[in-house]
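Visitor: Please pick out one part of this model and look at it closely. Then work outward from there to the rest of the chain.

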Amino acid sequence: MTTDQSASGGPRPTSRDARATDGPTPGGTDPQSRRDPNGVPASAFNDADQDEAALGKTADQGKTNTVDTADAKSEVGAKSRAGDQDGPGKKDEAGKTAGGDGAGAGDSGTPDGKPATDGSKPDGTPAEGESKPDPWAAFGPAPEPVPTRYGRLGRRVGRLLIHEWTLAAVASLALAVLMTWPTLRYPAHTLPQDYWDPSLQAWQMAWSGHILLTEPAQLWHANAFFPERWSFAFSDTLLGYAPAGMIGSGPEAALVRYNIMFVLAHALAAFGAYVLARQLGASRTGAAVVGAAYAYAPWLLAQAGHLHVVSNGGIPLALAMLARGHGWSLRHGYRPERRHEGWVYAGWLVAAWQLSLGFGIGLPFAYVLAGAVLVAAIIWYAKRIFWRLKRPFGQRLFVADLIGGLIFAGVGVLMAIPYFTVTQLHPNAERTIGDIAIFSPPATGFVTAPAESRLWGGLHEGARSLLPWHPEMTLLPGFVLYALALGGLFFSIWKLRQRLLLLAGVLVAMALSMGTELFGGRFTYVPLFDHLPGWSGIRTPGRMMLWATLLLGLLAAGAVSAFAERVREISAERIPSWPSPWLRLATLVPLLLVIAEGTNTTPHPVVPAQPAAMRSVDGPLLVLPSGQNHDQPVMLWSTTRFQDIVNGGSGFTPRQLDDVRRVTMTFPDQTSVDYLRTLGVDNVLVLRDKIAGTPWEVSVDAPVDGLGITREEIDAVVVFRL
């Protein structure tokens with residue numbers, strides 16, 4: 001052991017072992033020791049840290065006792081040498097020699113030899129009743145700064161910004177903008193796919209926002225299809241987007257709103273599927289594959305004109321929240337300590353919101369959710385009764401499920417009442433098995449891509465020509481997804497039983513997607529059509545492919561996650577423990593391939609501009625020519641004033657609108673004028689740029705004498721006032 005003579009009070013131990021000790025120093029200068037007067041480390045330490053700190057403390061105490069003994073001996077020796085000298089001056093010099101240069105940390109005297117004024121003795125010994133000052137305190141670390149309120153807020157915001165869910169949400173949004181481009185290039189003038197159904201859905205969002213701010217009681221009695229009642233329930237309503245419809249007015253605002261929600265719907269689908277896969281136990285890369293495959297499957301490119309189909313992100317997000325709230329995952333099973341009723345409430349609310357967007361996607365989700373609850377309850381009680389396995393559930397969690405389930409069911413009932421009323425008033429609105437057969441795809445549809453697919457669209461043109469209605473029959477989820485899911489059957493983080501259940505779900509979803517094509521649907525689609533309430537309103541069975549895509553993605557996530565874990569094991573064996581760039585790139589290859597297969601060539605046509613007459617002419621009015629594709633832009637034009645219009649486009653055509661279109665083919669004449677007056681129509685607008693090749697091309701300029709009507713020109717529109 002060496003000694004340090006730099007401080008007063010005698011030599012100090014400076015052993016390397018003492019300096020290497022992780023325990024607190026004798027003077028208590030360690031931050032943990034300062035927080036605990038007894039020297040016990042903080043509770044944040046683990047057991048190993050506590051043991052190591054205790055050992056260090058014991059060693060330091062022993063060394064401190066040794067140092068004190070050496071100090072005492074040194075002091076006695078100094079006094080003995082001082083006694084052999086004559087005069088006080090010699091004694092002071094001896095004392096100065098023993099204590100160093102007189103300026104040490106523990107010296108009680110002054111440099112000129114005068115007595116100290118702090119009450120200590122001349123030899124440095126503390127006065128009676130005072131503790132000896134610690135000479136090592138000068139070398140202690142600076143105290144930790146206490147964070148201010150803004151500092152704590154900044155730390156929380158920083159942690160939030162780098163949280164996995166924040167990064168996943170930002171990545172999903174950025175990918176959505178990229179994959180749907182150029183949707184946001186000219187959002188006030190273009191629409192994805194076409195301007196027919198998207199115009200209808202842009203009107204739906206605008207109407208729900210407008211009417212909920214003005215006359216909420218008239219929500220289901222829209223301004224279109226005049227004088228029909230319950231006209232807002234003629235098709236899926238996108239009612240869940242009503243808050244967005246409250247912002248802005250007019251056709252341009254409706255277009256911007258639609259395009260933004262179109263991009264956000266893709267982002268939510270990718271994010272929701274990612275969160276679900278992570279909750280079930282997949283790795284980050286595996287979950288990213290699920291998100292990309294679910295949101296950008298090639299078959300969904302044909303649905304770009306149907307926002308209610310693209311808006312499916314609430315399905316996996318609600319399932320993820322419910323699974324998290326119940327402490328359940330596919331990989332780890334049920335873990336009661338992870339239960340949280342707050343996530344259960346959130347899951348049921350998101351599920352109810354998804355249902356409010358439309359029954360075309362929401363109704364199968366409702367039945368899947370009800371089936372999952374029923375199966376989970378049966379398994380739960382079976383394990384308690386037959387296996388004697390008692391696992392806690394909790395009254396609060398049960399109450400959360402009860403209240404959340406009632407909210408979900410209440411939204412479903414309130415949404416269903418107008419649709420059942422419509423089927424009673426309009427029997428032709430209800431689907432038949434014959435209608436289902438028209439849109440039922442053959443098995444070849446599962447390997448055929450739509451024309452909008454950048455990779456496969458041109459190559460599959462011949463296969464699409466063999467399909468009767470290819471927009472609803474090209475159901476390819478992706479060849480990369482097929483390959484990854486197949487690999488997931490043999491190499492996966494999921495157990496074999498779980499893989500087989502996922503495969504069974506894929507096969508069931510595909511069978512239902514075929515409608516009446518598989519054995520006439522007698523064992524698959526027809527029983528659901530005949531016995532499940534509301535199922536007869538679903539016209540296109542091919543959209544059940546949404547569930548097959550999600551389950552295929554989970555199978556693929558099992559394989560990708562297993563591969564990522566193997567890469568981590570290999571990297572751990574390397575020195576240093578870090579994967580090479582090739583290994584890291586290999587884990588991203590499946591994700592990049594899935595994204596590449598989802599790229600598209602979706603057109604973005606310019607929407608016809610709103611005629612100036614639609615901003616000034618009052619309703620009720622009729623715009624000619626009228627037809628399914630003509631009337632949907634007219635509905636969009638009416639969003640400036642929401643005047644009543646006879647025009648309308650939906651999943652079915654009311655008989656009265658059929659009669660209007662038939663009678664007005666000879667307009668203006670006495671028969672058509674009298675018929676429109678009986679309906680309460682005040683004005684008729686004829687669009688000159690749309691009547692080429694129609695009877696109105698000649699009759700629009702015919703004399704109106706004797707009909708009791710007037711005619712005027714507003715730009716390219718002829719306005720007849722009845």
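Guide: The part to start from is Phe519, which sits in the loop between α19 (496–513) and α20 (525–531). The model is a predicted one. The backbone of Phe519 has a phi near 55°, a positive value in a residue that is not glycine. Its relative accessible area is 55%, and the cut-off for exposed is over 50%, so Phe519 counts as exposed.

Phe642 can be set beside Phe519. The phi of Phe642 is near 55°, again a positive value in a residue other than glycine. Phe642 belongs to the loop between α23 and α24. With a relative accessible area of 13%, Phe642 falls under the 20% limit and is therefore buried. Phe519, by contrast, is exposed.

The loop that holds Phe642 leads to helix α24, residues 655–663, in which Leu657, Val660, Arg661 and Val663 are buried. These buried residues pack against β5 (621–624), α23 (628–637) and α25 (670–679). Between α24 and α25 runs the loop that contains Pro668. The peptide bond joining Phe667 and Pro668 is cis, with omega about 5°. Another cis peptide bond joins Trp181 and Pro182, with omega about 15°. Pro182 is located in the loop between α6 (164–179) and α7.

One further loop residue is Leu466, placed between α17 (461–465) and α18 (479–488). Leu466 has a relative accessibility of 72%, which is why it counts as exposed. Its C-alpha atom is 9.5 Å from that of Thr444, and the two residues are 22 apart along the chain.

From the loops, turn to the helix packing. Helix α7 (residues 197–214) packs on helix α9 (residues 251–280) at an angle of about 100°, and the axes are 9 Å apart. That angle lies in the range 65 to 115 degrees, so α7 is roughly perpendicular to α9. On the α7 side the contact is made by Pro198, Gln201, Ala202, Met205 and Ala206, and on the α9 side by Ala254, Arg257, Tyr258 and Met261. Sorted by class, seven of the contact residues are nonpolar, one is polar and one is charged.

Ala318 is a residue of helix α12, residues 314–325. It has a relative accessible area of 0% and is therefore buried. The C-alpha atoms of Ala318 and Ala273 are 9.9 Å apart, with 45 residues separating the two in sequence. Apart from neighbours within four places in sequence, Ala318 is in contact with Gly347, Val350, Ala351 and Phe365.

Ala318 is also one of the residues by which α12 meets α13. The axes of α12 and helix α13 (residues 341–356) come within 7 Å and cross at roughly 160°. Since angles over 145 degrees count as roughly antiparallel, α12 is therefore roughly antiparallel to α13. The crossing is left-handed. From α12 the contact takes in Gly314, Ile315, Leu317, Ala318, Met321, Leu322, Arg324 and Gly325, and from α13 Trp343, Val344, Ala346, Gly347, Trp348, Val350, Ala351, Trp353 and Gln354. By class, these are twelve nonpolar residues, four polar and one charged.

The next helix, α14, includes Ala366. Ala366 counts as buried because its relative accessibility is 16%. Beyond residues up to four places away in sequence, Ala366 touches Leu355 and Phe408. The C-alpha atoms of Ala366 and Leu355 are separated by 7.5 Å, the residues being eleven apart along the chain.

Helix α14 (residues 359–385) in turn crosses helix α15 (residues 395–425) at roughly 140°, with the axes coming within 12 Å. The two helices are therefore oblique to each other. Their crossing is left-handed. Phe359, Ala366 and Leu369 of α14 make the contact with Phe408, Gly412, Met415, Ala416 and Tyr419 of α15. Seven of these residues are nonpolar and one is polar, with no charged residue among them.

As for the whole protein, it has 26 helices and eight strands. Its residues number 722, and 46% of them count as buried. Of the contacts between residues at least 6 apart in sequence, 74% join residues at least 24 apart. The exposed surface is about 36,100 Å², with 62% of it supplied by carbon and sulfur atoms.

Note on methods
Residues are numbered from 1 along each chain as its sequence is written. This is a predicted model: local features need pLDDT of at least 70, side-chain atom pairs count only at pLDDT 80 or more; totals for chains, interfaces and linings use all residues. Side-chain values use heavy atoms; hydrogens and water are left out. Helices (H or I, at least four residues) and strands (E, at least two) are DSSP runs, numbered from the N terminus. Buried means under 20% relative accessible area, exposed over 50%, partly exposed in between (1.4 Å probe, protein chains only). Axes are lines fitted to C-alpha atoms, for helices over the stretch in contact, and angles run from 0 to 180 degrees between N-to-C directions. Angles under 35 degrees count as roughly parallel, over 145 as roughly antiparallel, 65 to 115 as roughly perpendicular and the rest as oblique. A crossing is left-handed if the near helix is turned anticlockwise from the far one by less than a right angle, and right-handed if clockwise. Contact means heavy atoms within 4.5 Å. Ala, Val, Leu, Ile, Met, Phe, Trp, Tyr, Cys and Pro count as nonpolar, Asp, Glu, Lys and Arg as charged, and the others, Gly among them, as polar. Accessible areas come from the Shrake-Rupley method with a 1.4 Å probe; for residues, only the protein chains shown count as cover.
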